[in-house]
Amino acid sequence: MSTIALDVVTPNGSVFSETDCEIIILQTKQGELGVMAGHVPTVAALKIGSLRTKIDGKFEYFAVTDGFVEIRSEQVTVLVQAGEFAEDIDTDRAVAARERAEALLQQARDEKVDRYRADLALQRAVNRLDVAKHK
């Protein structure tokens, strides 16, 4: 089976690089996108979600923020603000972040709280908890 390379890049540099991915599954703004070797070149916007890649018959799971993906026939480059392996996610910290975001959203009804930022924080926390289930 042909494989495709994956590089996940944050502002701090590459957080994951693999040359032998069988398939890469991304969450784009338009929906889920599966990428295999030979895929047509594409650029797409990513939403907060999971990134899954199959390596040697086993899936690896990552929590990623919104960003962009550049797809070429033999290489996928994911550009995000943050990316985290499922096994590296601190679930206690993610639960606390979710609770803070939910409290901010409750305040947003009564006060001048940035509802958009609070909603993004909630999405990130929920995503991290969902991905952490795949440890």
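**Exercise 1. A charged pair**

Task: In this predicted model, how far apart are the closest N and O atoms of E84 and R128, and what do the two residues form?

Solution: Start with the pair itself. The closest N and O atoms of E84 and R128 are 2.9 Å apart. Next, compare that value with the cut-off: a salt bridge needs a side-chain nitrogen of Lys or Arg within 4 Å of a carboxyl oxygen of Asp or Glu. E84 and R128 therefore form a salt bridge. Now place the two residues in the chain. The domain assignment gives domain 1 as 4-86 and domain 2 as 90-132, so E84 belongs to domain 1 and R128 to domain 2. Finally, look at the count: one salt bridge is found across the interface of these two domains.

**Exercise 2. Where the domains touch**

Task: Which elements give two or more residues to the side of domain 1 that touches domain 2?

Solution: Begin with the contacts. Ten residues of domain 1 are in contact with eight residues of domain 2, and two residue pairs between the domains are in polar contact. Then turn to the elements on the domain 1 side: β5 (49-55) and β6 (58-64) each give two or more residues. The largest share, four residues, comes from β6. Sorted by kind, the residues on this side of domain 1 are six nonpolar, three polar and one charged. As a last step, consider the area: about 660 Å² is buried between domain 1 and domain 2, with carbon and sulfur atoms giving 65% of that. The centres of the two domains, taken over C-alpha atoms, are 24 Å apart.

**Exercise 3. Linking two strands**

Task: Why does the pair R52 and E32 tie together parts that are 20 residues apart in sequence?

Solution: First, the whole structure holds four salt bridges. One of them joins the side chains of R52 and E32, at 3.5 Å from N to O. Now find the strands: R52 lies in β5 and E32 in β3 (residues 31-35), so their pairing ties together these separate parts of the sequence.

**Exercise 4. The overall plan**

Task: How many helices and strands are in the chain?

Solution: Count the elements, and you get two helices and nine strands. Then follow their order along the sequence: β-β-β-β-β-β-β-β-β-α-α. Next, zoom in on residues 5-81, which an unreviewed UniProt entry lists as "domain: ATP synthase F1 complex delta/epsilon subunit N-terminal". This span is 0% helix and 75% strand, and its end C-alpha atoms lie 20 Å apart. To finish, step back to the full chain: its C-alpha atoms fill a box of roughly 55 × 30 × 25 Å along the principal axes.

Notes. Residues are numbered from 1 along each chain as its sequence is written. This is a predicted model: local features need pLDDT of at least 70, side-chain atom pairs count only at pLDDT 80 or more; totals for chains, interfaces and linings use all residues. Side-chain values use heavy atoms; hydrogens and water are left out. Contact means heavy atoms within 4.5 Å. Buried area is the accessible area (1.4 Å probe) that two parts lose on being put together, summed over both. A polar contact is a pair of N or O atoms within 3.5 Å; within protein, one must be able to donate a hydrogen and the other to accept it, and residues adjacent in sequence count only if both atoms are side-chain atoms. Ala, Val, Leu, Ile, Met, Phe, Trp, Tyr, Cys and Pro count as nonpolar, Asp, Glu, Lys and Arg as charged, and the others, Gly among them, as polar. UniProt positions are given in the numbering used here, feature names are shortened, and annotations may be inferred rather than shown by experiment.
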